Structure formats: structure tokens, C-alpha cells
Amino acid sequence: MDRRSFHRKMRRQKRKKRIAFYSIALLFAIVVALGSLRLYAQIAGAPPLTIPKASVFLDRNGNQIGDHFTDQRRYWKELDEISPYLIEATIAVEDKDFYQHHGFDFPRIASALLTDLKTRSKAQGASTITQQLARNLYLTLDKTWSRKLTEALYAYRLEIFYSKDEILEAYLNTVNYGHGMYGVEAASKYYFGKSASDLTLAESALLAGIPKGPSIYSPINNYEKAINRKHLILSLMEEQNKISKEEKERALSQKIVLKNDQWTASKAAPYFIDAAWQEAAEILEKKNLNFRSGGWIIKTTLNPAHQKAAEEAIEKNMPDNDLQIGLVSMDVKTGQVTALVGGRDYRESSYNRVTQAFRQPGSAIKPFLYAAALENGFTPLTFLDVGETIFTYDNGRATYKPQNVNGKFADGDMSMAQAIAISDNIYAVKTLEQIGYDKFREMSKRFNLRFTDKDNPSMALGTVENTLYALTNAFNIIAAQGEYRKPTTILSIQDEEGKIVYEYEEPPKEQIVSKQDAFILTQMMTGIFDPVFSDYSPATGVSLRPRMTHTYAAKSGTTVSDQWLIGYSPSLTAGVWNGYDQGKTLSTSSDMSAHKQVWIDFMEAVHKDKPNESFEVPDGVKGVLIDIETGKLATDACPKQRLMYLKEEDIPTKKCTDLDFFNEDTWNGFFELFPFESLKQWLQ
């Protein structure tokens, strides 16, 4: 062998050794990398498959009325609860080799990578179902190399710790199907009005096509593109021997019927559910539980019959304009909310006018002013001069001239019982002046009502804004014989494992006002339906009297932009508010009367076929017939009389026919019969 040949041989041997060395080094590096990757995966552990789930709401009878989602609408369904057609359609279009690979489809990745390098972009996708799941659960949708590397690491961990079925189940429960629907169950109910277990082949193929581009392939956004993609998926399923040609043809001919419009329309009591979710979230936060995780089963206080009655009363009586409404009802015994409507149409506005809107209650605040008066020397028979009056305040630097709704003023004195029936404003302001501002503020505080620290006589007429929810609960306390009631929409909360984490308990008993004063207030508020008080001004609820089949106590409230009627039977309190969201002035007759019609329709509907109840008379209170003009005991000679309830020590002893020698009215009457000049001549 010559020297040249020898050197060539030596170079070949060295090259082989280098190749062998680098091959061994590369293999070693791969082994080390895989080992490190495996070690990392073991240390990092199994990535969680948990996601925020729907919290389900039940009515008081245990029937589902709706759900709530923190960000995305989801229901979790196990794999065997999902239509096999949808499973096969998803695999066919997203990852046909899903059960063969270990999380990565390397031929697809290589092809996509080559395309990305040629176009200098990251547009091509080659993600397997495992990779998509990793992205759905843990990552953003940014198309960056770092995100793709992180996605690969998560996919690797998923494949190590979970079976293929577990990965597929998680994917089907997390993928985006558009319109806020995440997971097959939410999507199936939204698009087709059925569970994912009942999907047909055609429906499954259409649904499986949406995740590629939810805004593009949603049948609601673009029906034609959705149907074309459905046809493509059916063809793929046939090519992959997942369905027969006959099955494909039947699916192609099946008409797709979308029912997404029924989804929105069928949601029961949406304003109530929003209020219940807010309360449930506060309860769970106090218990250091993450309400955002979802999966809660929340049993509410909703009475479906009451809710239906509320919605029907609103539908029947609201005028054809932008006038808005709020209605809430509460059980007198427990304080539990039985119905709640926060507006005319939740789809147009989710703003809850029961719990969120602060409005001036007008004269609806007066029962709490008179509650303070009853504790400070007033009785239903306390008479005040209610003629036109200008009040001074702020140390004489300001004046206030209140008006009545009808623009009139009574001539002479009026009792508290009559003043509350016809809602006389002069009487209210004079009462405030006599008992003092602090007494009214203290009473408002007891009832959890908002008040102002500024001494302004307009306080007596409800100028401090409150919510319908708070005001109705305050009336409910009076209805409960003055005993504290805490309004609630929640009976119990269970976690996703069925463990009860909260159960409603009645709060400790606390007397806000005495039983006697609460009952006397109630009896005075029955007067708004009594025509006996309607002399110069009708009682504010007398127009509803012909429709009443049960005993109610109530108080109305009126401002230029708000109408209120809040009242109760012995078992149920209901409050109704009408007004415009922008605070526009109420002007038409329908604007001014809708609240009363809604209230009486609701109350009569929920009390239908129930015996009439009477308010329980407490010890120390007695009912007597009173002449409303004089405030004395009535006789047959005094026709304007009414049964009134008074504390025993406040019952008058004189009759309406008795003359009071020192009473100015007596002498005026005497001199009308016997003029002074005639009397003088007679004496001479």
C-alpha cells in the first residue's frame, strides 16, 4: 500500500471515529435531555385538568332555574356522556392519529415548520389534541416560539400523567365553540337545545367544525361556511372508516335546526340569578372559598309561582315606551326573597333596578318618620295644622315650601292616620321638626336605610336615595311586627362534590321597633285603600280597593321621576318602582299608574285561593271606632268613622258628640248659631 492510500485510509478511519463520537455524544445528549425532561415532568407533576365550571341555581323546590359563569360557559361531561359521533368527528378533523402518537405528530410538525421557515412566519399549525388542550388550559393564543415551546412541555406532561381518554375528555370540555360556549355540553345546549349525549351525526359534524375558527364557522355567524365545513368533516370520517357511505349520505341530507334563540328566552329569572350570585359570592368569600372556580350548586329562595306572577303583571301593565320597572317580594316570616324582576328585558339591559338603582323614595319614606314619631309622643290621633306652610332652616338662612301632589292644602288640622292615608306633606315636615332630625336619622339607621347628616326639612319627603331592595326589606320588618329581617336569596350552597358549605340560618331575633308601634303603623297604612279619608284629597291607594280580595297595608311614593308602591299582607311584602333610567320626568297617566297596577295584580295573583289573613293585634293595643274629623270616639251621629288601633293609654275618653267648653271650634260653632250682636241685644 503506497503512502497516499495509507493516508486516505487513516483519514476515513478518523472520520468514522468522529462520526461515531458525535453520534454517541448526540445520543447521550438526547438521552440526557429526555431524562432531564422526564425528571422535570416528574418534579412538576401532573398539570391540573380542572377548569372554572358552571354554578347551577335551583329554586326553593330544587328545580334548576339557571346557571352562572365567571368568564366562560362550561359544563363538564364524562366521555361516555358525549355522543360517539362527536368524538369521532373531532378526532377525524383535529388529530386523526390521536390514539397512536405520544402527544406530538412529528410529520405534521416537520411539514408546518418547513412552511413557517419558507414564509418566515408562524402561521402554520400542527397541534395535536393534546397540544390544543395544553393551550386551552394553561396558555394564551399568542403565536410565539416561546409559547409553542411551553405548550410542548405541557403536552408532554399531559401525556405522561393522563390517559388518552382523559386528555380527550378534558379537550372536549374546554374547547371554544363560540358565543361564550366552552365545552361540548354548553355548545350542544346552545346551538341545538339538547345534551351532548343526544347529538346526531350531522349535528356532531357541524359542531366539530367550529373550534378551527369560532367566529368564522359558527352557524349563527355564517351558516354556509359552517355547513361546508360539516360536509368536509363527514368526508374525512368516511375516508377514515369511522362512518359508512350510507351514514354520510343520511347526515348530508339531514336538516340542521338551530335553537340558540330559545336558549336566551328560556333563562328563568335572570335578574334574580344575578342577585343570588352576588350574595353567594359574598358568602363564599367570607368562608375563604374560591367562588370563581364554579361548580357550586346554589339552592335559592325563588318561588316560581311568585316569579311568574311578577313577570305576568309587568307584561300586562307596562306602557309601550321606555318606562322601566323593579319588583321584589319577600316572605314576612323569614325575609327570603320569593321573586325579583330588575327590568323589562334582561337581554336589552342587565342593570338590576331592584338592587343597583338608588332613587328618591318620596313619600314611601314616611312610615319610618312616623315610626320615630310614635316613639316620641305621637299617636295616630295626633292632630297638626296642615295648611300651607313655609319652613325655615339652617339657622334661618334658608326656607322650604313643600307642596302636595294635588297642589292643594287642607284647611285646619289633620290626624297622623289621615296624613299617612292621603300622604300629606305638611304633616310630615311638621312631624320632623317636632321630633327632631336626629330621631329620624336614628330610625333610618335601625332599618338599614340611607340618610343624610344635613338638617334639611325635605328629608321628611324622601329626598335621600335608597334602593327598592333596601326599602322593601324595611317595610318587611314592619310587617314582621317590628322584628329584624335580613333579606336573602340563598338557602344552601354545595360544592361540586355535593358537600354543603353553607346553609341558611335565621338571624338572631332583634326588635327594631316595638310590636305595638309596628302594628299601629300597619293599621295606618291600611288607610291608603280607605275612601273614608278622601275628603279634599283621595287616599293614595283607594283606586285599587275594588280589586282587593285580601287585607293589605301599603305606602306609595311619588317624585317627578319615580313612582313607588310598597306594601304587604301578613305573609308577604312586595315593592314596585317605576321610572326612567335617565331620570326623565314622568308625565303620562300610564307612567303615573303602572306601578299600582303591577303591584295589585301581583299581590292578588300570589294570594289567590288563599284565605284572607288579618294582622295580629299585639298586647296593649285595642281597636276602637274613631270619628276621623275630631279624633274622638265615634257615635252614630258622626258618620265619618273608622276602626282604629291605639295603645290602650292613648284611647280617647270623649265622644265625637261631646262639646269641649275650652275648644275654639265649640265657640265658633256657638257664635254661628247665636251671633254676638244678637246675643248682646238679648241680654239687654
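**Exercise 1. Determine how helices α10 and α11 are oriented towards each other, and which residues form their contact.**

Solution. Begin with the geometry: helix α10 (residues 223–239) and helix α11 (residues 245–253) pack at an angle of about 170°, and their axes are 9 Å apart. Axes here are lines fitted to C-alpha atoms, for helices over the stretch in contact, and angles run from 0 to 180 degrees between N-to-C directions. Angles under 35 degrees count as roughly parallel, over 145 as roughly antiparallel, 65 to 115 as roughly perpendicular and the rest as oblique. The two helices α10 and α11 are therefore roughly antiparallel to each other. Next, list the contact, where contact means heavy atoms within 4.5 Å: α10 contributes Lys230, His231, Leu234, Ser235 and Glu238, while α11 contributes Lys245, Lys248, Ala251 and Leu252. Finally, sort these residues of the α10 and α11 contact, which gives three nonpolar, two polar and four charged; Ala, Val, Leu, Ile, Met, Phe, Trp, Tyr, Cys and Pro count as nonpolar, Asp, Glu, Lys and Arg as charged, and the others, Gly among them, as polar.

The model is predicted, so local features need pLDDT of at least 70 and side-chain atom pairs count only at pLDDT 80 or more, whereas totals for chains, interfaces and linings use all residues. Residues are numbered from 1 along each chain as its sequence is written, and side-chain values use heavy atoms, with hydrogens and water left out.

**Exercise 2. Describe the secondary structure content and the burial of the protein.**

Solution. Count the elements as DSSP runs numbered from the N terminus, with helices being H or I of at least four residues and strands E of at least two; the protein then comes to 23 helices and 19 strands. For burial, take buried as under 20% relative accessible area, exposed as over 50% and partly exposed as in between, with a 1.4 Å probe and protein chains only. By that criterion, buried residues make up 50% of the 684 residues. As a local example, helix α2 (residues 84–94) is mostly covered, with eight of its 11 residues buried, including Leu86, Ile87 and Glu94.

**Exercise 3. Trace the hairpin of β1 and β2.**

Solution. Two strands pair if DSSP finds at least two bridges between them. Strand β1 (residues 55–58) and β2 run antiparallel and are joined by four bridges, and serine 55 has histidine 68 of β2 as its bridge partner. Between the strands of this hairpin lie five residues, and glycine 62 takes a positive phi near 90°. Strand β2 (residues 64–68) is itself mostly covered, since four of its five residues are buried.

**Exercise 4. Work out the strand order of the open sheet that contains β17, and find the helix that packs on this sheet.**

Solution. The open sheet has three strands in the order β18-β17-β19, with antiparallel pairing. Its edge strands are β18 (632–633) and β19 (641–647), each of which pairs on one side only. Strand β17 (residues 621–627) pairs with β19 over seven bridges; aspartate 627 stands opposite glutamine 641 in β19, and valine 621 has lysine 647 as its bridge partner. With β18, β17 pairs over two bridges, and isoleucine 626 stands opposite leucine 633. The hairpin of β17 and β18 has four residues between its strands, with glycine 631 at a positive phi near 75°. Helix α20 packs on the sheet, touching β17 and β19, and its direction makes about 165° with that of β19.

**Exercise 5. Characterise the surroundings of methionine 525, threonine 467 and serine 537.**

Solution. Methionine 525 lies in helix α20 (residues 515–525) and counts as buried because its relative accessibility is 0%. Beyond four places in sequence, its contacts include Pro367, Ile420, Phe475 and Tyr568.

Threonine 467 is found in the loop between α18 (437–446) and α19 (468–479), and its 7% relative accessibility makes this residue buried. A polar atom of its side chain lies 3.0 Å from the backbone nitrogen of alanine 470, and, not counting residues up to four places away, threonine 467 touches Val354, Thr355, Ala357 and Phe358.

Serine 537, in the loop between α20 and β14 (553–558), is buried with a relative accessible area of 10%. Its side chain joins that of asparagine 406 in a polar contact of 3.3 Å, a polar contact being a pair of N or O atoms within 3.5 Å, of which, within protein, one must be able to donate a hydrogen and the other to accept it, while residues adjacent in sequence count only if both atoms are side-chain atoms. Leaving aside neighbours within four places in sequence, serine 537 is in contact with Asn406 and Ile422.
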